[in-house]
Protein chains: 2
Amino acid sequence: MATQRITDFLATRRPSGPCLVVDLEVVRENFIGFRRALPGSAIYYAVKANPAPEILRLLASLGSSFDCASVAEIEMAMNAGATPDRISYGNTIKKERDIASAHALGVSLFAVDCVEEVEKVARAAPAARVFCRVLTDGAGAEWPLSRKFGCVPAMAIDVLETAHRLGLQATGVSFHVGSQQTDTEAWDSALADAANVFNTLAERGIVLTLVNMGGGFPTRYLKDVPTAEAYGQSIFAALSRHFGNRLPETIIEPGRGMVGDAGVIKAEVVLVSRKSATDENRWVYLDIGKFGGLAETMDEAIRYPIVTARDADRKEPCVLAGPTCDSADVMYEKVPYPLPITLTVGDEVLIEGTGAYTTTYASVAFNGFEPLRAYVI
Amino acid sequence: MATQRITDFLATRRPSGPCLVVDLEVVRENFIGFRRALPGSAIYYAVKANPAPEILRLLASLGSSFDCASVAEIEMAMNAGATPDRISYGNTIKKERDIASAHALGVSLFAVDCVEEVEKVARAAPAARVFCRVLTDGAGAEWPLSRKFGCVPAMAIDVLETAHRLGLQATGVSFHVGSQQTDTEAWDSALADAANVFNTLAERGIVLTLVNMGGGFPTRYLKDVPTAEAYGQSIFAALSRHFGNRLPETIIEPGRGMVGDAGVIKAEVVLVSRKSATDENRWVYLDIGKFGGLAETMDEAIRYPIVTARDADRKEPCVLAGPTCDSADVMYEKVPYPLPITLTVGDEVLIEGTGAYTTTYASVAFNGFEPLRAYVI
């Protein structure tokens with residue numbers, strides 16, 4: 001997945017130290033792919049996945065809208081050219097003063113998942129549009145999203161009624177089927193729940209218009225994932241099934257699916273060793289680890305493809321670890337990673353599919369190591 | 001554990017947003033406590049625990065030496081007034097060019113745990129002193145250190161012989177009994193291993209002189225921990241048991257034990273909600289979480305004391321989560337945290353024992369949130 005442009009950049013520029021290189025052409029193709037797959041849906045890029053200004057500017061110019069998690073992300077999207085009507089403040093956990101700042105910037109679409117948050121929005125952003133996030137079961141996702149965001153559909157009805165009563169525009173429902181979702185049918189039961197909320201509120205005179213179908217679109221790591229087209233067909237079928245021919249406005253919020261496969265991290269082998277003469281696995285230490293950007297290796301959740309110049313040689317399982325003095329900074333140990341037996345100190349490795357959730361996750365300066373550098377080309 | 005000075009600072013300065021406040025007087029007392037408890041040992045402060053310049057300057061002025069994990073940390077220690085003879089490059093995973101940089105700065109004490117690393121040191125820092133880290137079982141530690149660092153004692157003999165053969169000074173042995181180690185006897189078996197390495201190498205004409213007994217000294221979180229005196233007595237007894245009256249030079253490397261209880265994080269309740277009308281636990285969301293500095297809540301490893309102005313009120317178990325749109329940003333859920341039922345949006349909370357491993361762990365800008373601010377007073 002290192003494109004020719006990335007390969008050429010690394011060969012020409014030879015950056016020292018670990019770094020991420022993102023190919024904007026891949027981001028462009030991904031955006032076009034989503035638009036083609038779901039032509040009826042507005043695309044709100046999840047800025048948190050990778051807020052590099054070059055990415056935001058490209059997407060703004062292509063007509064993307066933006067899902068922002070904080071006021072800082074709203075400002076980044078606006079600096080990249082997005083008008084406030086193309087911004088959703090999608091974090092259900094907001095300080096009232098941050099809601100007020102967003103409102104002052106012109107943002108008028110807010111996520112909520114409880115009455116307490118509705119009350120804050122009503123005070124700080126009068127007459128704004130709100131959508132309520134509902135819980136889904138996350139089945140089929142590599143990283144089900146726990147219960148941190150959303151409420152049960154029955155409570156969403158109360159939340160949206162409260163919004164309406166407090167002078168807000170009760171606009172719709174959102175959900176998230178779970179990160180790296182590889183089951184294209186996963187949207188079905190959440191859309192059924194959303195349709196129920198629409199119907200119940202319609203009976204009470206509140207007409208919802210928007211379904212925010214969230215993210216969850218995967219990046220290809222070691223296993224194949226369905227195409228954007230496959231998701232599009234399946235989601236459109238589920239929408240028709242549950243909403244008939246009165247289709248709501250819809251939003252999708254791809255983050256990982258937009259930029260994950262556009263980036264490659266270049267890293268270096270710092271050490272290869274064994275712990276004893278009879279140790280079964282070698283330990284391979286890189287100059288990047290869990291605290292330098294690869295936080296998603298937590299619990300060995302994401303298994304990135306790793307490419308070396310020695311991949312034609314025989315491979316054997318290795319424990320893969322980062323460069324810090326933190327014993328938790330081990331990426332793959334429960335399931336060791338097959339790497340060439342000839343791999344040695346100083347070798348370069350490419351870690352693919354790392355365009356999302358790497359640069360901003362990097363720690364400020366843990367162990368004195370600087371955060372992950374990024375080049376967007 | 002919020003000292004009067006910290007309480008006064010927060011009351012007077014009223015900093016906005018989450019922040020860490022560190023009381024240097026506590027750091028001073030901790031340093032004096034370690035020196036008194038282990039008067040025969042040199043104290044090498046583990047810079048990675050908290051590299052704030054004010055802390056490094058204080059410790060340098062008190063006569064501390066420094067355990068550094070990177071060239072950047074070496075430079076910080078030297079900027080704080082430490083001479084290179086008071087610095088140990090304690091990371092066993094070093095790029096050869098970083099070893100050369102440290103050597104150029106005058107550093108001459110290096111950690112190793114395999115022949116490959118010895119070869120790098122021999123090339124980049126000729127005639128330097130090296131100590132070999134051996135694995136321990138970590139029993140009794142809250143966070144046993146996995147097998148990332150160190151080799152078995154039998155291999156340490158080869159490593160140190162190789163160092164000797166390559167013109168380095170084979171100086172000694174190091175180990176680490178595991179982070180937040182509450183068993184004062186934990187040093188005993190590691191010191192037995194160290195004595196065996198000393199004896200075996202002495203038979204081969206190599207005289208070791210140094211035992212680096214590492215860190216592991218705990219901070220008091222919710223449970224009481226033994227005093228520095230108790231550690232001192234137990235460690236001195238173990239040293240005598242295994243080395244008789246030919247005691248080696250010793251080093252200790254407190255990090256958490258030096259600064260953990262000197263710091264308090266001030267945070268704010270952003271939201272309190274339930275997921276359904278019948279939800280057993282409330283969810284309490286703070287403006288700081290796993291990616292804003294509280295990385296050590298990973299797997300609910302460290303349970304920090306949390307103080308509020310409403311602690312006289314009845315408490316009930318809550319799920320405690322951070323402010324980001326990341327579903328992994330939940331701190332306590334498996335074992336919910338008892339908090340006052342009256343706790344509400346906008347309330348301030350103090351998270352105690354947070355002087356170590358917080359500021360540098362914070363992510364650069366995840367979700368657009370800025371890293372943890374720190375005030376050292």
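Student: What covers the buried residues of helix 6 of chain A?
Tutor: This is a predicted model, and in it the cover comes from both chains. From chain A there are helix 5 (96-104), strand 5 (109-112), strand 6 and helix 7 (153-165), and from chain B there is strand 12. The buried residues themselves are A:E117, A:V118, A:K120, A:V121, A:A122 and A:A124.

Student: And which elements do the buried residues of helix 6 of chain B pack against?
Tutor: Strand 12 (263-273) of chain A is one of them, along with helix 5 (96-104), strand 5 (109-112), strand 6 (129-133) and helix 7 (153-165) of chain B. In that helix, B:E117, B:V118, B:K120, B:V121, B:A122 and B:A124 are buried.

Student: Why is B:E117 called buried or exposed?
Tutor: Buried, because its relative accessibility is 0% and the cut-off for buried is under 20%. B:K120 passes the same way, with 1%.

Student: What makes B:E117 and B:K120 a salt bridge?
Tutor: Their side chains meet at 2.9 Å, N to O. The limit is 4 Å between a Lys or Arg nitrogen and an Asp or Glu carboxyl oxygen, so the pair qualifies. As for where they sit, the two are 3 residues apart in helix 6 of chain B, which means about one helical turn between them.

Student: Which residues are joined into one network by salt bridges that share partners?
Tutor: A:K95, A:R97, B:E268 and B:D287.

Student: How do you know that B:R97 and A:E268 form a salt bridge, and where do they lie?
Tutor: The closest N and O atoms are 3.0 Å apart, and that is within 4 Å, so the label holds. B:R97 belongs to helix 5 of chain B and A:E268 to strand 12 of chain A, so this pair joins two chains. The burial labels follow the cut-offs too: B:R97 has 41% relative accessibility and counts as partly exposed, while A:E268, with 14%, is buried.

Student: What distance makes B:K95 and A:D287 a salt bridge?
Tutor: 2.7 Å, N to O, which falls within the 4 Å limit. The pair crosses between chains: B:K95 is in the loop between strand 4 (87-89) and helix 5 of chain B, and A:D287 is in the loop between strand 13 (282-286) and strand 14 (306-308) of chain A. B:K95 is buried at 11%, and A:D287 is buried at 10%.

Student: How many salt bridges are there between chain B and chain A?
Tutor: The count between the two chains is 12, and the structure holds 44 over all chains. A:D279 with B:R147 is another pair, with the closest N and O atoms 3.4 Å apart, so that one also meets the 4 Å rule.

Student: How many residues of each chain are in contact at the interface?
Tutor: 72 residues of chain B touch 72 residues of chain A. Together the chains bury about 5500 Å², with 62% of it on carbon and sulfur atoms. On the chain B side, B:K148, B:K275 and B:C325 lose the most area to chain A, together 13% of what that side buries.

Student: How many residue pairs are in polar contact between the chains, and which strand of chain B gives the most to that side?
Tutor: There are 37 such pairs, counting residues at pLDDT 80 or more. Strand 12 of chain B gives the most, with 5 residues. By type, the chain B side divides into 35 nonpolar, 18 polar and 19 charged residues.

Student: How many disulfides are there over all chains?
Tutor: The count is 0. Take B:C318: the nearest cysteine sulfur, that of A:C114, is 14 Å away, and a disulfide needs sulfurs within 2.5 Å, so B:C318 is in none. B:C318 is buried at 0%, and B:C19 is buried at 1%.

Student: What is odd about the phi of A:A127?
Tutor: A:A127 is not a glycine, yet its phi is positive, about 70°. Most residues other than glycine have a negative phi. A:A127 is in the loop between helix 6 (115-124) and strand 6 (129-133) of chain A, and its relative accessible area of 46% makes it partly exposed. B:E300 also has a positive phi, about 55°, without being a glycine. That residue sits in the loop between strand 13 and strand 14 (306-308) of chain B, and counts as buried because 18% is under the 20% cut-off.

Definitions and conventions:
Residues are numbered from 1 along each chain as its sequence is written. Chains are lettered from A and ligands numbered from 1 in the order in which they are written. Side-chain values use heavy atoms; hydrogens and water are left out. Buried means under 20% relative accessible area, exposed over 50%, partly exposed in between (1.4 Å probe, protein chains only). Contact means heavy atoms within 4.5 Å. Buried area is the accessible area (1.4 Å probe) that two parts lose on being put together, summed over both. A polar contact is a pair of N or O atoms within 3.5 Å; within protein, one must be able to donate a hydrogen and the other to accept it, and residues adjacent in sequence count only if both atoms are side-chain atoms. Helices (H or I, at least four residues) and strands (E, at least two) are DSSP runs, numbered from the N terminus. Ala, Val, Leu, Ile, Met, Phe, Trp, Tyr, Cys and Pro count as nonpolar, Asp, Glu, Lys and Arg as charged, and the others, Gly among them, as polar.
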